[in-house]
Amino acid sequence: MKPSMIVPSVVFMVLAASWSGGAQPGGPGAGRDAAPVAAPGPVETYTGRSVLRVETRTPAELMAVMALAEDVWTHTPRVGPLDVMVTPDRAGAVRAYAAARGLPVEVMIPDVASAVREERARIERSNLARGLGWYEDFKDLTQVYAKVDELVAAHPAMASQAVIGQGHEGRPIRVLRISAPDSPENPRAGRRQVIFTGTQHAREWVSPMTVMYIAETLLNAYGSDPDVRAAMDSIEFLIVPVVNPDGYTFSWTNQRMWRKNRRNNGNGSFGVDTNRNFPYQWGGEGASGNTGNDTYRGPSAGSEPETQAVMALANAAPRLDAHIDFHSYSQLILSPWGYTSSLPPDAALFDDLNARMASAILATWGQTYVGGPSYTTIYPASGVMPDWMYGARGALSWTIELRDTGQFGFILPADQILPCAQENFNAVMELAGFVQSPVSISFPGGIPSERPAGAPASFGVTVSAWNDTVASAALWYRRAGEAAFVSAPLESLGGTAYRATLPASSCGVVTEFYIEASGVSGRSGRAPAGAPGVFFASSAADRVVVFADACEGVNGWAVGAPGDAATTGLWSNDVPQATAAQPGNQVTPGGARCWITDGRAGAGVGTYDVDGGATTLTSPRFSALGPSGWINPRVTLAYWRWYSNDRGSNPNTNSMPVLISNDDGATWSPVELVAENAGRWVEKRWDLAGVGGGGVVPTDRMRLRFVARDLTGAIVEAAVDEVSVAVTGCPPNPADFNGDGFIDFFDLDAFIECFEGGACPEGKTADFNGDGFIDFFDLDAFVEAFENG
Ligand SMILES: [Zn+2]
């Protein structure tokens, strides 16, 4: 893309002169900041310019529109909507090109000149007004640095500042260091570190505002907000509000749409895009070697003083965990990499944190920020600050593109500054939460929500700590109703793998538990998050399999039902032969057969598939009842199935009902309607109480049915294997003396009445130990059973 043209305007230069008081260094800190200032140059007024959004569909169209544009506003352009600023004649050319190609064009800003003028007039008015909040309008470099001075003066124990470098024109780059007061119990030198940077790109004016809001809120809310206090107690925040002070100033004094720094490239062009200058994968995709380009990468890797200042800051932060570079606009949360589509080693962690920050933002003012790796979420960009922070410095790092999504672009209405800053403060607090607790705990095989009674239950736990080493990991558990959790260390299986073991419990007992792990840095994490206030639960139960068929023979299953019209592909108990649509294997270990809609492969995929209508497979009658008297029985139906309807003509036009009957086939309830072309065997498990909408009452006259059908002349194949029904529950407990399903005070009451010669519950006797005598030993046995639950 071309550098912005310079169009002098006498009228505008007069206006500009009246702003210069606010745009030059001065005020508090001016002594330290005194620096050469660029000679006043021509002021760009953007006369006649408009911003168009063109919907491009191909890289060629993208390149063509970019070539016609005077300035590309879309932060990192790609095929799709492209925002471009155009001169009046270029607008005509863009429109003509778009019309010829049938590309939609939307006018985003009809008159950039008046938008810039109005923005300036509004800022002037709010500068004149007294008592307005600092975030009610944009602030130039002097005002930003005056605010930095104010914050340091107001919070001397928590805030300090330093100059970490200066631009080519000499303006200082300042950092604010913010953390809770140093103390012997919590020395500042031991705290984790997080860097926030703003204003690498000059025209992105909401960036310094947002970064300053984050700094000020951390300081002001320390005394009142427990989350802020916790973050400040354990993290030192290094905050650079303006990485590019020369460019930022130039965007106030000369060219509102300036992006780069102010290097004199020696050929009439100015500026390096410092966000293409970092020495990690410098010079790759998405960065220009052309000095006039807005993404000019600079003469060499790390050549720019702004780049070097940020690198020196990060290299002097030994406990650096995370970094965010704030830009505008587009509302994106961009994680590495920018230079390649390959995923970074911490891709899963980035996905998780992208989502956490996006939901914190959404919860603030309802704004959507899209998260993802830079390269694929926007476009390739190499030599960017976050790639260096992550790739070279080892810190989790992001670019956040702030508001908006293009309606106003860089000329964001002032009333959006505060909400933009607030929503991003919440994202930052989410990240700070992770830095305080970077321990990840997951369960590769799931949680044992139900386990066999009377035996310990082990399950796998994966524990890792980002930028840390796991020092301890423990299971905390208690019987439901008890007050205190007790702990047992997890068994290390090497690497991130651990094993937790819940102790044996008698049937019906619910055990509540959570996992806690700590890193050597002292930071810990828990699963579930929020433990011990929230926890997992596992109930101990007995389990009996009441029906099981490995489908290795016909075993009473029946093929055919009234209405069946299939002419080929009828259900048969076969050794399956693979085709593109049916499996060449079955599920039973050591087995050979399954139920399948004709297991033969035939000459082609359509030879033995289901044709002409339905074919129905019905199970033999079975009982789904558990042992009599069981407490809280739960019936689980399980089977493996294969289904294919995505090959050949009319794909995805059929489905396979799975039905269950509890009255020997007189009526049927739906279990599922299979349309999933998984391309593999899929195991399904159903709780009978949740089947068919209201659940199916278990009886001793159950049947199960699979209806494969082709109603559209398509390729349909289906198979079924390993069908089983199990009942979990608990045998009646003798301590449930009144038989109401609970063991409580009323059982004790009922037993004592019976023991003393009063009424006994039906079928119960006070001879609790069954020794033929009613005596003290019966009372003793009952109390023991009662206490064991
Ligand atoms: Zn930017």
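**Exercise 1. Gln331 and its loop**

Find out whether Gln331 is buried or exposed in this predicted model.

*Solution.* Start with the cut-off: a residue is called buried when its relative accessible area is under 20%. Gln331 comes out at 4% relative accessibility, so it goes in the buried group. Next, place it in the chain: Gln331 sits in the loop between β9 and β10. Then look at the backbone. Gln331 isn't a glycine, yet its phi is positive, near 60 degrees.

Stay in that loop for one more step. Tyr329 also belongs to the stretch between β9 (320-328) and β10 (332-335). The peptide bond leading from Ser328 into Tyr329 is cis, and its omega is near 0 degrees.

**Exercise 2. Asn467**

Work out which accessibility class Asn467 falls into.

*Solution.* First, locate the residue: Asn467 is in the loop between β15 (457-465) and β16 (470-479). Second, check phi, which is positive at about 60 degrees even though Asn467 is not a glycine. Third, bring in the cut-offs: buried is under 20%, exposed is over 50%, and partly exposed is what lies in between. With 39% relative accessibility, Asn467 therefore counts as partly exposed.

**Exercise 3. A cis bond before Asp404**

Say where in the chain Asp404 is placed, and give the omega of the bond that joins Arg403 and Asp404.

*Solution.* Begin with the position: Asp404 is in the loop between β12 (396-402) and α14 (417-436). Now the bond itself: Arg403 and Asp404 are joined by a cis peptide bond with an omega of about -5 degrees.

**Exercise 4. Two helices side by side**

Decide how α6 and α7 are oriented to each other.

*Solution.* A pair of packed helices is described by an angle and a distance, both taken from the axes. Here α6 covers residues 141-154 and α7 covers residues 206-220; their axes come within 11 Å and cross at roughly 10 degrees. Angles under 35 degrees count as roughly parallel, so α6 and α7 are roughly parallel to each other.

Now go down to the residues. On the α6 side, Val144, Lys147, Val148 and Leu151 take part, and they meet Pro208, Met212, Ala215, Glu216 and Leu219 of α7. Sorted by class, the contact of α6 with α7 has 7 nonpolar and 2 charged residues, with no polar ones. As for the spacing along a helix, there are 3.6 residues a turn, so residues three or four places apart point the same way.

**Exercise 5. Met389 and its neighbours**

Describe the surroundings of Met389, leaving out residues up to four places away in sequence.

*Solution.* Met389 is part of helix α13 (residues 385-391). Its relative accessible area is 0%, so Met389 is buried. Leaving out those sequence neighbours, Met389 touches Ile195, Val310, Ala314, Leu320, His323, Gly394, Ala395 and Ser397. For a different kind of pair, take Gly366: it is 23 residues from Met389 along the chain, and their C-alpha atoms are separated by 30 Å.

**Exercise 6. The largest pocket**

Find the volume of the largest pocket and say how many residues line it.

*Solution.* The volume of the largest pocket is about 630 Å³. Its lining has 26 residues, with Cys507, Gly508, Val509, Asn632 and Cys730 lying nearest the centre. The elements giving two or more residues to this lining are β22 (536-549), β27 (631-644), β32 (717-730) and α16 (776-788). Finally, split the lining by class: 13 residues are nonpolar, 10 polar and 3 charged.

How values were computed: Residues are numbered from 1 along each chain as its sequence is written. This is a predicted model: local features need pLDDT of at least 70, side-chain atom pairs count only at pLDDT 80 or more; totals for chains, interfaces and linings use all residues. Side-chain values use heavy atoms; hydrogens and water are left out. Axes are lines fitted to C-alpha atoms, for helices over the stretch in contact, and angles run from 0 to 180 degrees between N-to-C directions. Helices (H or I, at least four residues) and strands (E, at least two) are DSSP runs, numbered from the N terminus. Angles under 35 degrees count as roughly parallel, over 145 as roughly antiparallel, 65 to 115 as roughly perpendicular and the rest as oblique. Contact means heavy atoms within 4.5 Å. Ala, Val, Leu, Ile, Met, Phe, Trp, Tyr, Cys and Pro count as nonpolar, Asp, Glu, Lys and Arg as charged, and the others, Gly among them, as polar. On a 1 Å grid over the protein atoms alone, a cavity is a set of points where a 1.4 Å probe fits but cannot get out, and a pocket is an open set with protein on both sides within 12 Å along at least five of seven lines; lining residues have an atom within 4 Å of a point. Grid points are joined across faces, edges and corners, and a volume is the space filled by probe spheres set on the points. Buried means under 20% relative accessible area, exposed over 50%, partly exposed in between (1.4 Å probe, protein chains only).
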